[in-house]
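I opened the file with three topics in mind: the ligand site, two single residues and the domains. My notes were made in that order.

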Amino acid sequence: MASDKVKVFTKAFGFFIPYLGRTAIQRVAAYGHRWSYQNTPDAKNVVVLGGSFAGIELVKRLSETLPTGYKAVWIEKNSHLNFSFNFPRYSVLEGHERAAFIPYDGIAKNAPPGIVTRIQDKAVGITENNQIQLASGDNIDFEYLAIATGSSQPLPVQVTSTERNDGCKELQGVQKTIKASQKIAIIGGGAVGVEIASDIKDFYPDKEVTLVHSRDQLLNNFGKRFGDYTLNALQDELKIRVLLNERPAIPGNFARAASLMFSDGREEEFDLVIGCTGQRPNSSVLAGKYPNTLSNNSRILVRSTLQVFDSTNPQKDLPIFAFGDVADHPGPRMARAGLMQSGVVLDNILAKINGQAPSHTYTPNWFVEGAIKLTLGKNHEVTYTMDNDGSDIMIPDRNGKLDLEIESAWKRYGVDFKQANKGNTERDVQTPAAVQL
Ligand SMILES: Cc1cc2nc3c(=O)[nH]c(=O)nc-3n(C[C@H](O)[C@H](O)[C@H](O)COP(=O)(O)OP(=O)(O)OC[C@H]3O[C@@H](n4cnc5c(N)ncnc54)[C@H](O)[C@@H]3O)c2cc1C
């Protein structure tokens, strides 16, 4: 795997040097924009729905580029960024869950006053005259709309609560239930199922852990080498029982004292069954007014410019873009893909503001956007990615940190972890319903 390290270094160098160059130019331009932007009372709204990996990046960039006469309105139902990468670990490891909810205060903190307004609410539909309908009953006008509402999955992948304290309680409930259960089955051998199974067995070696997967390879959305490496680590190192090619009915997402029926007709009792399968795109905001913008799997149909299109009238020029996991794009369903796509959406919204047709198109860079860092227990991590030509790289590491280096995530979103949690780990950041940044 030494050659993999050389390859990743060469590839990353080729990508990150131009990327860092572009970012530096953007920083300088943002500085100038801060002085030139005027906050006008009649500014038109560019509305961004969703405040996770994809939406946040667009909000940040809009706050650095929107011309006078426009402002960003950012609608997100959660009080904090739910850093879901760490949810499987914090479903097992106790006492860290609070850190997985990152305050939004650092986003656009250097932006010109008035250019971003954040609203904590849920978007439920679109009115006839281009307004977003909110669950609170308010309506928000939009000139342009960018949808990054992602997808939903039950605990332990996501929490249902929109407030940090309640979200923490949900994760604490998962921790307690896992701790109290001796014989545990996890259904779904994707990244979440693998991570949670390996954490349970590594943190609690005496428990009996079974991972059930419907295919003949774990992590079947990635290459075989990755699946085989993972299977070996789970079975031989962690002593997890792995059952492949099994598709038992799931008795509920988080079912206590439940049984599973296997393909040979055998029924087995478990203290706890955790379902880690299936994602539901959060696209219902378009379903009422634009039902034909949704694919068969409920993702939002987009052109290569990420502009939304209506399948019954594809030429219609809708003022709506979609990106990240909710959009039916050709790239990976990964945070980094949403990040790259936010640049495409930004350029195309700015083009429309300037009276031009959107021309920036999205072409996935699988090597960069499809990369995953998978945990296989407390300290064992594997970084894996595949290139557009099908070749792959895999780099295992045995020095992973227990908290998965959450502090660096806070820093990335503009908040100082130590400062925010100084002296009081219970400190919460109050989030009024609408905040002008
Ligand atoms: C355990 C795990 C590990 C992962 N590891 C990696 C990794 O190593 N690298 C990587 O690139 N990707 C990884 N991923 C995938 C990554 O998390 C997703 O691709 C990413 O979250 C998608 O981002 P998004 O912004 O499109 O959507 P989401 O993260 O799903 O966010 C959507 C946001 O929209 C909000 N929202 C939804 N509906 C509404 C509404 N109606 N009104 C208002 N707000 C709404 C939600 O509250 C949420 O904040 C991992 C995922 C998991 C679960």
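The entries below record what I looked up.

**Set-up.** I am working with a predicted model, where local features need pLDDT of at least 70, side-chain atom pairs count only at pLDDT 80 or more, and totals for chains, interfaces and linings use all residues. Residues are numbered from 1 along each chain as its sequence is written, and side-chain values use heavy atoms, with hydrogens and water left out.

**Ligand shell.** I started with the residues around the ligand (a heavy atom within 4 Å of it). There are 32 of them, and Ser 52, Glu 76, Ala 123, Asp 325 and Ala 335 come nearest. I then sorted the shell by class: 13 nonpolar, 10 polar and nine charged residues. Here Ala, Val, Leu, Ile, Met, Phe, Trp, Tyr, Cys and Pro count as nonpolar, Asp, Glu, Lys and Arg as charged, and the others, Gly among them, as polar.

Which elements each supply at least two residues of the shell? I found α2 (53-65), β2 (70-76), α5 (191-203), α8 (335-353) and β18 (372-375). Helices (H or I, at least four residues) and strands (E, at least two) are DSSP runs, numbered from the N terminus.

**Backbone to ligand.** Next I checked N and O distances. A backbone N or O atom of Ala 123 is 3.0 Å from a ligand nitrogen. A polar backbone atom of Phe 53 lies 3.4 Å from a ligand oxygen. For Lys 373, a polar backbone atom is 3.5 Å from an oxygen of the ligand. The protein buries 90% of the 1000 Å² that the ligand exposes when taken alone. Accessible areas come from the Shrake-Rupley method with a 1.4 Å probe; for residues, only the protein chains shown count as cover.

**Gln 175.** I placed Gln 175 in helix α4 (residues 164-180). Is Gln 175 buried or exposed? It counts as buried because its relative accessibility is 4%; buried means under 20%, exposed over 50%, partly exposed in between. Beyond its neighbours within four places in sequence, Gln 175 is in contact (heavy atoms within 4.5 Å) with residues including Tyr 90, Leu 93 and Glu 97.

**Ala 43.** Ala 43 sits in the loop between α1 (2-36) and β1 (44-49). At 10% relative accessibility, I count Ala 43 as buried too. Its contacts, with neighbours within four places in sequence left aside, are Gly 69, Tyr 70 and Lys 71. The C-alpha atoms of Ala 43 and Ala 72 are 9.4 Å apart, with the two positions 29 residues apart along the chain counted as their separation.

**Domains.** Last, I looked up the domain assignment, with bounds from an automatic or database source. Domain 1 is 2-156 + 280-367 + 409-436, and domain 2 is 164-277. Their centres, taken over C-alpha atoms, are 32 Å apart. The contact takes 25 residues from domain 1 and 24 residues from domain 2.

Methods:
Polar contact = N/O pair within 3.5 Å; in protein donor to acceptor, adjacent residues only side chain to side chain. Buried < 20%, exposed > 50% of the residue type's maximum accessible area, 1.4 Å probe, protein only.
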